[in-house]
Amino acid sequence: MSEKQDYEELKSVIDHHMDLYYNEDAPEIEDYEYDQLMQRLKEIEAAHPDWVTPESPTQKIGGTAKREAGVSVEHHVPMLSIQDVFTKEEVSDWVEEVRRMHPDARFCVEEKIDGLSMSLRYQDGDLVLAETRGDGLIGEDVTPNALVIPDVKHHIDLPGYLEIRGEVYMSHEEFERFNEKQEEEGKKPAANPRNLAAGTLRQLDSSVVKERGLRMFIFNVQDASDNGIDLMRSHAEGMDSLCKKGIVTVGHTLCETAAEVMDAIDAIGESRGELSFDIDGAVVKIDQIAYRQDFPAGSKYSAGHIAYKYPPEEKEVVIDRIEIGVGRTGKMTFRAIFKEPVRLCGTNVQKATLHNADYIRELGVSEGCHAICRKQGEIIPAIIRVTQPGEREFEPPTKCPVCGSPLVKEEGTCDIYCENPSCPAQLKRTLTYFAGKDAMDIKNFGEKYIESLVDQGYIQDIPDIYRLKEHRDELIEKGILGRDKNTDRILDSIELSKQNEPDRLLTGFAIRNVGRISAREIMRHYHSLWDLADATVEELTKLPDVGEITARSIHNFYADEKHLEMLRQLEEMGVNAVVRKGPDENAPRPLAGLTIVVTGTLEHFGRSEITEFIEQNGGKCTGSVSKKTDYLVAGENAGSKLDKARDLGIPVISEQELIDMAAG
C-alpha cells in the first residue's frame with residue numbers, strides 16, 4: 001500500500017471513530033488510541049500539506065446536530081474544539097511563544113472535564129437558550145433538559161446579553177447508580193460516564209435527564225454585552241465574577257511562567273484519582289482574552305487554548321488469582337486480584353476487570369503471570385497485556401461457582417451465564433424483577449422488602465413469595481413489611497397477582513431475551529405454560545419475533561427439572577398458568593395486522609403504555625421505521641423517524657387518530 005493509500009485509509013478509520021464518539025456516544029477504542037491515530041494523521045499531513053482538504057478529520061469537528069433530540073440552532077459564537085498536545089515540551093514551547101509576543105501574558109490551567117459541551121444564552125438575566133456543540137457551527141436546542149440540571153441557573157443577576165459555555169458531565173456516583181439499576185432490570189450497562197451524559201442530554205424526556213443527575217461546570221465566557229462588568233478582559237476575573245453570581249465554574253490556577261504552568265498540570269494529574277468526575281486532560285488558556293486571536297489554531301480549534309492530554313498511567317502487577325463472580329443478571333464476572341496493590345491515578349489498586357473468559361484467554365492472563373495494568377478512562381483498572389506468563393493456562397468455569405448449575409454461553413457473545421433463577425447470587429434481582437410492573441406487578445412489594453425477606457430466610461425461591469401469608473403474624477411482629485395494615489396490603493397484592501394472565505408469569509421467569517412484549521406474543525400461540533414447555537426449538541422459531549437464541553433460551557429453561565418443579569408449585573398455590581378463553585377472546589381487534597411505530601412525546605400515553613394499547617387492540621408496535629411499517633404515530637418533538645416515514649410514503653397520524661382507529 002502506498003503512503004497516499006495509507007493516508008486515505010487512516011482518514012477513513014478516524015472518521016469512523018469520530019462518528020462513534022461524537023454522534024453515536026458509543027466509542028470502540030480508548031481516547032489514547034484515538035489520539036495516537038490523529039497524531040499519525042497530523043504527521044503525514046505535515047509532510048504532505050497538499051493532501052489536506054477541508055474534509056480531513058484534522059480540519060473538522062466530529063459532531064453533527066441530532067434533530068431527533070431537539071431543534072437545530074446556529075451558534076452565535078462557534079463552539080470549537082481545543083488543540084491537543086501530548087508532551088510537556090509542546091506545552092512549554094507554546095507558553096514561550098505566547099510570552100515572546102506578549103511578555104505580560106498570564107495563563108489559566110484548568111481540568112478538562114470529560115463530558116458534553118453546552119452553551120447557555122442569557123438575556124437580561126433570564127436563560128433563553130441552551131445548545132449542544134453539534135458540528136461547532138450548528139447545534140441542537142436542549143433548553144428543557146438544561147433547565148433540570150441543578151448547576152444551570154435559570155436567572156442570573158446581570159443585565160444585557162451573556163453567553164457562557166461549559167461541560168455537562170455525570171459523576172462517578174450517578175454513573176454507578178445508573179449501571180446498578182440497569183443490571184437489576186437485566187439491561188445493558190453504560191460503557192462510561194461521558195457516553196451516558198451525552199446520550200442523556202439528548203433525551204426527549206427531560207424527566208429522564210433529571211433522574212440521571214447530570215451536572216455542569218462553566219469554563220468560558222463566549223460573549224457578554226451591557227453587563228456592567230467586564231467579563232471579556234481576563235478569563236480568571238470573568239470566572240471569579242460568575243462564581244460570585246452563584247454559577248458553578250471549573251477551578252483554575254493563574255500562572256505566569258512555563259514552570260508554573262507545568263506545576264499546575266502536574267497537580268491536576270496527581271488529583272485525578274480523587275475527583276468525583278472524569279477528566280481527559282488539562283486545558284491551558286491565555287488569561288488576557290484580547291491576546292488569544294494572535295494565536296489562531298485553524299478553523300477547527302479555539303484560538304489561545306491548548307489541551308495537554310495525560311498519557312495513560314500504567315504499572316506492572318503480579319496476578320495472584322482470578323476471582324469469578326456472578327452478576328445480578330447471572331453473567332459470570334472475572335477480576336484479577338494482585339499480590340500487591342499498586343498506585344494508579346492517585347488511588348491504591350489491587351484488582352482489575354477482565355471482562356470475560358475469551359478476553360482472559362486472548363491476553364494470556366493466568367494466576368502468577370506478570371501483566372500491565374492501566375486505568376481505562378481514569379476510573380476502571382484493566383489488564384492490557386501480559387509481560388510474563390504464569391505456569392498454568394486459565395480454564396473457564398463450566399458450572400456456577402455459587403449454585404453449581406451448568407453455565408451457558410450466549411450465542412454470538414463472549415459471555416457465559418448461570419440461568420438458574422434461584423441462584424443465591426442473583427436471587428434478589430430475580431425476585432425484584434418477578435414482582436415488578438412488567439412481570440407479576442405485585443403492588444407495594446419493592447426491592448427493599450424483598451432484600452429483607454431474603455436476608456432473614458423467608459424467601460429462597462419464587463414460590464416462597466406465595467407462602468409469605470403463612471408467616472403473617474411473625475412478619476408483623478418483626479416489622480419486616482411494616483405494621484399490620486401495610487403487611488396485609490402487600491399480602492393481598494401477592495394473592496391478587498395469582499389471577500394474572502400467564503404471559504406475566506412467563507415474563508417473571510426472566511428467561512433470557514423473553515421480555516414483556518415477547519412473552520405476550522408467545523402466549524397468543526399456546527393454551528398454557530405447560531403447552532409451551534412441550535414446544536421444540538424449531539416450532540418456537542416460527543413464531544413472530546422469536547429467533548433461535550430466544551427459542552433455545554425458552555427450551556433450555558423448561559429442560560431444567562428445577563424450573564418445572566417451580567411451575568408445579570406455583571400452580572398448586574393457585575398461580576394461573578392457563579390462558580383464559582374469556583368473552584373478550586373474539587372481540588374486535590381494530591389494529592389487527594398493523595405494524596405501528598411511535599415517535600416523540602405523547603399527551604395521554606407513556607412509551608410502555610402506548611405499546612400495550614396498540615397490542616391490546618391487535619397491532620404490533622416496533623421501534624424502527626421500515627417499508628413494513630403501516631403507520632407512524634407522531635407526538636411532539638418527533639425526530640428522524642418522521643423524516644424517514646415521509647421519505648417512504650408511510651402514513652403519519654396523531655395520537656388522537658390512533659385512539660379513534662382503535663375505537664372503530
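Student: Which residues of helix 3 are buried?

Tutor: Val91, Trp94, Val95 and Val98. Buried means under 20% relative accessible area, exposed over 50%, and partly exposed in between, with a 1.4 Å probe and protein chains only. Helices (H or I, at least four residues) and strands (E, at least two) are DSSP runs, numbered from the N terminus.

Student: Why are they on the same side of helix 3?

Tutor: Because the buried residues cover an arc of only 95° around the axis. That arc is taken from the directions from the helix axis to the C-beta atoms.

Student: What is exposed on the other side?

Tutor: Glu89, Asp93 and Arg100.

Student: And what do the buried ones pack against?

Tutor: Their partners include strand 3 (107–113), helix 9 (258–271) and strand 10 (279–286). Contact means heavy atoms within 4.5 Å.

Student: Before I go on, what kind of model is this?

Tutor: The model is predicted, so local features need pLDDT of at least 70 and side-chain atom pairs count only at pLDDT 80 or more, while totals for chains, interfaces and linings use all residues. Residues are numbered from 1 along each chain as its sequence is written, and side-chain values use heavy atoms, leaving out hydrogens and water.

Student: What pLDDT does the protein average?

Tutor: The average is 85, and 90% of the residues score at least 70. Over residues 64–69 the pLDDT is below 50, though this stretch has 25 contacts in the model beyond near neighbours in sequence. pLDDT is the predictor's confidence in each residue, from 0 to 100. Where it is low, the predicted coordinates should not be read in detail.

Student: New topic. What order do the strands take in the open sheet of four?

Tutor: The order is 20-19-21-22, with parallel pairing. Two strands pair if DSSP finds at least two bridges between them.

Student: Which strands stand at the edges?

Tutor: Strand 20 (620–622) and strand 22 (652–653), each with a single partner strand, so one side of each has no neighbour in the sheet.

Student: How many bridges join strand 21 to strand 22?

Tutor: Two. Val633 has Ile653 of strand 22 as its bridge partner, and Leu632 stands opposite Val652 in strand 22.

Student: What about strand 19 and strand 21?

Tutor: They pair in the parallel sense over four bridges. Val598 stands opposite Val633 in strand 21.
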